[in-house]
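Trainee: I've got a structure to read and I don't know where to begin. Could you walk me through a few features?

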Amino acid sequence: MLQYAAIAMLMLGLYGLLTQRNVIKIIVSLNIFEIGLNLFIISVGYVDDGIAPILTSNFNNNGLIFVDPLPSALVLTAIVIGVGTTALALALANNIYQKYGTFEIDEMGEE
Amino acid sequence: MKNFLAFVAVLVLGFLIITSLNNNEAFPNYGEADISERVSQAYIDRSATENPGDITFGETTDLESGPANIVTAIVADYRSFDTLGEVTVLFISSLGVALLLGGVNRKRIDLDFHPNFMLRVGSRALFGIILMTGVYVAIHGHLTPGGGFPGGAMIASSMLLLYLADDEFRVKIKGFKMLESVAGSLYVLIGLTGLLLISGGFFLENFLDNGVIGNLFSAGIVPIVYVLIGLKVGSEISGIIDNFLTEEAV
Amino acid sequence: MSAILLIAVPLLTAFVSILFKKYSHYMLIAVSFLSVFALGYMDLETITIGGFDAPFGIVLILDNYSLIGLYLVNILFFIVAVLNCKEYKKLSSILLVSLAGLNGLLLTGDLFNLFVFLEVAGIAAYLITTTNKKPLATFNYLVQGTLGSSLYLLGLILLYAMFGTLNMSDMAREIGTSGYGAGVTALPFLLMFIGFGVEAKLLPFNSWAKGILASSNSLSGPMIASVYAAAISLVFGRLLTNVFVIEGTLLTIVMGILVFSLVAGEAMAFSSKKVKEILLYSSVSQAALVVLVFMTGFAGWAVYLIIGNATAKLVLFLVTNIAAKQLGDDEVDTFKGLFTNNKVVGLAFTAVTLSVVGLPFFFGFVTKMNILENMFLSGAYVWPALILITSFIEGIYFIRLLLNLWHTDGDSPEVKFDFVLKYVVVVIAVLTMIFGVYTKPVQDSADDLVVYSITEGGNF
Amino acid sequence: MTVELLIILTLVLGLVSYFMGRFNKVYGAVVTIIASMFVFISVGYMANDILDGSTFNYNAVKYLPVFATFTVSYLGIFFAILVTFVFAMVSFFNPFFVEKYKYPAVYNMLYIFSLAGVLGVFFTDNLMVLFFFFEFVVWSGLFIIPLGKSKKAAVSYYAFSTAGSFALLYAIFIMRDVAGTYNLYAGLASVSGTTQGTYVMILLSISAFSKLGAFPLHTWLPAAHGNAPHPFSPVLSGALVKLGAFVAILALVKLAPVGDLQSVFGSYTDATFLYASQYAVAILGAMTIVFGTLMAIRQDDAKKLLAYSSVSNGGYILVALSIGGSVGLAGGLYHIIAHALASAAAFLAIGAVSRVTGTSKMSELGGMIHKMPITYMVYLIAIISMAGIPPMGGFISKWLIFQAVIDNGLILIAVAVFFGSIGSFLYVFRPLAALFLGQELPQHKDKAKIPPFFMLLPMIILSLLIVYTGVFPNYILGFINDVMAELGVDALVIGKYTIQGPNGVLHPTLVASVFGVGVLIAFIIFIVLKKSRKVGLMDTYTAGNFIYTEELMHYSLDFYAPIERLYEKYINITEDFYKKLENKVVDFGRMVKYFFFTNKPEVTVFWIVVIIGFLLWGDL
């Protein structure tokens, strides 16, 4: 179920990128796409009734079923990369606004 | 009309991906991932180099990688080169934002919203608590969920709180730049010490002993590295916040 | 001296350089020179990071293939850095990070690590293009670059879900022994191909290229068109020859994309009137040609093609951008007769263009002939015909450009090229000529350049 | 003197002429004379070495890009002597023309480089080295042409020559694939007769057509020859076009003809049968003749007119080579010699005229005979040979070609060939009348003076040779028989002074002596009787209205106007065709640019969605 939701968010992001002309909306749809992607990465690692892969004092015996830790580690990196690119995109949007005075790409005219 | 076409196309694509993933025999269905075939089985029972047998919290000592939180083990020990790359991404994006929006003398944008005295004082009190939780999360990265990145984000959120609550507040950029640069360089230097000082060592090798799994001072360099990352992430994101909330002082 | 220093040292200096703004561009020059210098002392081995061996930890591969790639990228980077360090002081720490990213791209043997370095180099590239003062074009480049690398990540995760490992050669062995049909791995490989297609400027995915390169300057033009293009094609080649298994419908799609980019690139260059656009579209078709040669399995010769193209485009973009800056715009008629009064740069520019087109006494001719010969011997009859037709069109528009640059009836424009550029440009032109005539070393070493094959796998 | 030592020496001489040229233009040009004479003499030595039976196989050279071997074959010597001779003669003109160019030193260097390239092509037996030098000649020619007037001519020259050399390259790869080695003779032998043989023949003939300027691929030739610098046009049309003939021989003679035997008019005459491929090439050759002649008639610029004449003469060569057989091949080879000499002499004469007057347009010239009688004589002898009138070499080759055409029952092609020779007389006479005869134009009166001795020398040598080839052809025909023996074609039957054609015997020296007597008688009459009075421009009867300016009412310009009007509309069929082709590529490029390069990311996303959908659609 989570995987379908993830793929749905991916598609929503793609839809946004396909149709939106506003710079901010493009950034938002790019973010939706990335969140969908991160969700999908997590869903790949999920094991039925597995617990978080952290050893704690009250789970001592070794018969534990852990969720796959590697996708969560990869997601940690993917999220921060998403933050980096979004920050940069917003800064660019700021520059675009200063230069063209609008966020609509069509009104910016052919440069 | 174009939107409708795009919507249909995206819908069809989604449907196609889902069906192709379902009847793709190599791709495990949701929930039935068989960890034992995967590399991560070795991460779980720490058997990448030698097989320690079963691990019990608080007793087994000297594992190949110390942190109780396996995700942190992967992020900061097994694949810590990714995290180094990760840190450079944030470093360069904050540098980029500074380059795009930056200027020498900048002042706060006055958003004609002036918080009253009560809000300013109240947020000062709350600031400390948020900061401490952020630092706590960063320090206990190897034991509890969280770690450098969430901790750093919390530190930055405390800065954001002050920015929002007080329209003259400005972080001392010089200091944050220094913190960011020192933390980053320390991280790389730790990696290099692993490589150069210990003969036959590897870059980013965990050269300190791992101690007992579950203790605060265990898992070698992992907590140190994670704290450094926490500070670095915190200072970078607050730098970005500062850039966005200030404008060129004409 | 372990190859990891090629990544760690630039990173360290980048972190330090934000404190000493004034000396940052000296640091840049020093580090990029040192990295070229240090390459001589590196021995070919696979470096494990953090002490954990191949499938578990991250591994850097330094074999013939990545060594020659590192030499190419580092030398080109050093040249571009030296030529632009006075003008773009502010970007020095970003350039340092992009050097680390590029070296990481070429060295890494781990697929996710490749994604991270792709992002590091990508973001550095977005910031380098901000110097074009065209925020919308950079924004476009950012959106498409991020989309491309996210698709690469999606493909990577699908592969991980199926085969459980992230290491390149481990993944290749798993795919080989897994016994699944090709249809299983078609989707992830296509996603990864698209991810790299965006960066390598293959046609349907490169609508950012025009905005970036058409208004590029003497830093972003050579950097994106030659240094980044070389690194990306080398890594793409490593993936194509080792990891990807491309058959069936995926093969038709990939070949369709390549043929379309090859032909359309040449047609676009043929029809454009601006010098930078001609160079941009011709580099689109050259990128497609490089990938095509990798697909047909001649990695050695594809590397030489990359080297030839990268050095040529460095010279072309440098000269064009500097001239365009002094003359205002880059229409072909404002450039008419440019070389009448600066002959040295003109001769080097001509030599390099003729090498790209494939004139007998130049390096380009040797690579193109051997590629065609090998393709013919391996029974592919259609590709040589296609390559000949496209290089025919390419020859025409380059000759038209050259003749315009050399001959003019009116007065020729005044452009001043500084000494360092002249020196660099002449050295590259002379090298293309030397290796065009004395081809023994090139022909002997072509086959031992082949990317490490899966069979001898080993733990890296 | 081994071959590649010769080539390397020529390349070195080229560089020497470049540096000498930078120092002083004229010295550079003098070096070109020395270089081409040196090459011609050494090729001559090699020739008589080979004539007394010793074939030389020259060793390899390490640092040429590909393992390079050279063998001196009869065919190679035949072409090499002719081409180096033309190069040597024309190089005498270089010093007088070299000041006018923007890059004189480069001109000298490239002149010698193309000479070296030509040597490489004729003497190599390695296919890749053949392509290497073929391309090298194309490129050095390419950078000389724009020194003249037009850049567009250079681009179209490059386009067609590269199309030709890429076709040659593809054929080389097919042969390499079949034969396993790059050896020329082994390659051709291994391929001829097989299905690949047809592709190789088609590709080689495309390359020959593009170099010879035959019908479908000829649009570059008039532009290139017309606009090339004056001393380079004779080299282009005399020497470099012969590369095309060399490749045509490889394609048509060395390779076994393709397709089944058939004869168009076989039933009417007991004609020997021809293969389909020979027919095709012969028909294209015939079309070249007709097209070249029609276009030549309407030209205003004398150099363009001569360019079209070499197009139509190229057609003659193609017809002769495609028919093959001892008479046809001998005719073809002899025509190569005759045409090379005649067009070189004609171009040199026009060059001499335009050096003095600055233009070669017939409408702006006239009456040059008064100041430059020797140039007039040289041009007259050249056009007589081109028209194929007895005492000159052109007659012998055309006679042989006509014999071959009729003997093989090719009525249609015979019509074209006859039309060609009549047409050639028509258009070669126009420059003679327009440039030399008629009244002397006032604006050229003072400038026109007799060309210096060193310019006259090559022209006189050329015309003497043209006469010699016409009167005593048997020595040359003997050498041609050796060449044909090497090509595996049985020799032409020639006595001491006679040539045995299928339909009769020709005694060229007898014919020439009859002509000689006729000319002598005319000359005596001219000397004895009263001279005609030379009339000034003003001294004319004008039916009442007065002429105030000394201005020439030129009558001898377009007296073929009625013929031209016949085919006015169809003149540039081929140019329009290639223009349309080019526009198609440009539109395709613009269309792709318009669709794929917008400032919005949606195009890339759209194509990503479509491509992934396309892939997954397969295994639904």
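Trainee: Let's start small. In which helix is Ile229(B) found?

Mentor: Keep in mind that we're looking at a predicted model. Ile229(B) sits in helix α8 of chain B, which covers residues 221–245.

Trainee: And is Ile229(B) buried or exposed?

Mentor: The idea is to count the C-beta atoms around a residue: 20 or more others within 10 Å makes it buried. Ile229(B) has 29 other C-beta atoms within 10 Å, so it counts as buried.

Trainee: Which residues is Ile229(B) in contact with, leaving aside its neighbours within four places in sequence?

Mentor: That's a good way to see how the chain folds back on itself. The partners are Thr83(B), Val87(B), Gly148(B), Phe149(B), Gly152(B) and Tyr187(B). You can also compare sequence with space: Gly184(B) is 45 residues from Ile229(B) in sequence, yet their C-alpha atoms are 7.5 Å apart.

Trainee: What about a whole helix? How far does α14(C) reach from its first C-alpha to its last?

Mentor: Set the span against the expected one, at 1.5 Å a residue. Helix α14 of chain C (residues 343–357) has 15 residues and reaches 21 Å, close to the expected 21 Å.

Trainee: Why is α14(C) described as largely enclosed by the rest of the structure?

Mentor: Because eleven of its 15 residues are buried. Among them are Val345(C), Phe349(C), Leu354(C) and Val357(C). The buried residues of α14(C) pack against α13, α15, α16 and α17 of chain C. Just after the helix, look at Gly358(C), which takes a positive phi of about 110°.

Trainee: Now the chains together. How many residues of chain C are in contact with chain B?

Mentor: For an interface, count residues on each side, then ask which elements supply them. Here 44 residues of chain C are in contact with 43 residues of chain B. On chain C's side, α1, β1, α4, α5 and α6 each supply at least two residues, and α5(C) gives the most, with nine. By type, that side has 30 nonpolar, twelve polar and two charged residues.

Trainee: And where chain D touches chain C, which helix gives the largest share of chain D's side?

Mentor: Same routine. The contact takes 45 residues from chain D and 48 from chain C. On the chain D side, α7(D) provides the largest share, 13 residues. That side divides into 32 nonpolar, six polar and seven charged residues.

Terms used. Residues are numbered from 1 along each chain as its sequence is written. Chains are lettered from A and ligands numbered from 1 in the order in which they are written. This is a predicted model: local features need pLDDT of at least 70, side-chain atom pairs count only at pLDDT 80 or more; totals for chains, interfaces and linings use all residues. Two residues are in contact if their C-beta atoms, placed from the backbone, lie within 7 Å. Helices (H or I, at least four residues) and strands (E, at least two) are DSSP runs, numbered from the N terminus. Ala, Val, Leu, Ile, Met, Phe, Trp, Tyr, Cys and Pro count as nonpolar, Asp, Glu, Lys and Arg as charged, and the others, Gly among them, as polar. The expected span of a helix is 1.5 Å times one less than its number of residues. A residue is buried if 20 or more other C-beta atoms lie within 10 Å of its own, exposed if 12 or fewer, and partly exposed in between; C-beta atoms are placed from the backbone.
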